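Q: Hi, have you got a minute to go through a model with me? I'd like to start with one detail and then zoom out.

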Amino acid sequence: MVLTSTPSFEATNGCDLLPFNLLAFRWLPMVSRFIGIPAMGFSTLKVKNGNKAMKLCPCGYYGDGTAKCHCTQDQISKYKNKISGPLLDRIDMVLTVPPLPKEALFEQTNSSVESSEVIRKRVLRAYNRQIKRQGKTNDKLNPDELDEFILLDENNKHLLEIAIDKFHLSARAYHRILKVARTIADLDNADTVNIQHLTEAISYRREA
């Protein structure tokens with residue numbers, strides 16, 4: 001599961017990100033595209049592609065980098081703390097997606113940007129590596145299989161120890177980091193998970 005933080009509550013997976021205090025009710029709506037919380041005074045709502053959640057700041061513009069947000073730090077902290085720890089623990093990657101600068105909008109060609117076809121081929125290669133190696137994708141690996149397919153050297157173990165202590169990671173979060181690191185290694189066409197792959201996977205666990 002991936003959570004992105006963008007202004008105006010825009011999110012991935014074709015649906016819009018509602019305020020954090022509603023995220024705990026979004027397990028079924030994420031699949032069915034319907035949300036209904038009558039006990040909280042909401043009527044049943046069909047979430048359609050392209051619609052935005054009608055929620056004004058605070059703090060829909062957090063991270064926008066413009067003067068649109070006038071929230072205090074306490075308001076921002078209160079907003080961010082509305083997401084529960086157990087829910088955040090189940091999110092593999094937390095990403096902040098900044099607004100696209102106007103210069104990028106006007107630039108019609110950019111040779112340094114990978115095309116969707118190039119990215120698609122790399123993802124398919126990573127997928128095929130996983131199926132060939134273990135008969136399933138990395139997200140389906142259980143703890144024993146993680147130990148089998150991800151061999152950690154002393155440097156990797158030391159890095160994970162620091163991360164566990166610093167971020168107070170649970171066993172679930174630890175195993176999710178290993179799965180993400182294994183996937184990053186597959187995208188990198190690497191047979192083993194190295195410290196760079198682990199570092200990147202750990203960086204996605206930070207709070208947005």
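Q: Which residue follows helix 8, and what is its phi?
A: Happy to help! This is a predicted model, and in it helix 8 is followed by histidine 168, with a positive phi near 55°.

Q: And the other end, what caps the N-terminal end of helix 8?
A: That's aspartate 153. One of its side-chain oxygens sits 3.2 Å from the backbone nitrogen of asparagine 155.

Q: Which residues of helix 8 are buried?
A: Asn156, Leu159, Leu160 and Ala163. These four lie on the same side of helix 8, because the arc they cover around the axis is only 95°.

Q: What's exposed on the other side of helix 8?
A: Glu154 and Asp165 are exposed there.

Q: Back to the buried ones: what covers them?
A: The cover includes helix 9 (171-187) and helix 10 (195-203).

Q: How far apart are the end C-alpha atoms of helix 8?
A: They are 20 Å apart. That agrees with expectation, because 14 residues (154-167) at 1.5 Å a residue should span 20 Å.

Q: Nice. Zooming out, how many helices and strands does the chain have?
A: The protein chain has 10 helices and four strands. Starting at the N terminus, the order is β-α-α-β-β-α-α-β-α-α-α-α-α-α.

Q: What share of the residues is buried?
A: Of the 208 residues in the protein chain, 32% are buried.

Q: And what about the accessible surface?
A: For the protein chain it comes to about 13,600 Å², and carbon and sulfur atoms account for 56% of that.

Definitions and conventions:
Residues numbered from 1 in each chain as written. Predicted model: local features only at pLDDT ≥ 70, side-chain atom pairs only at ≥ 80, totals over all residues. Heavy atoms only, no water. Helix = DSSP H or I, 4+ residues; strand = E, 2+ residues; numbered from the N terminus. Buried < 20%, exposed > 50% of the residue type's maximum accessible area, 1.4 Å probe, protein only. Areas by Shrake-Rupley, 256 points an atom, 1.4 Å probe, with all protein chains shown as cover. Expected span 1.5 Å × (residues − 1). Arc of directions from axis to C-beta. Contact = heavy atoms within 4.5 Å. Polar contact = N/O pair within 3.5 Å; in protein donor to acceptor, adjacent residues only side chain to side chain.
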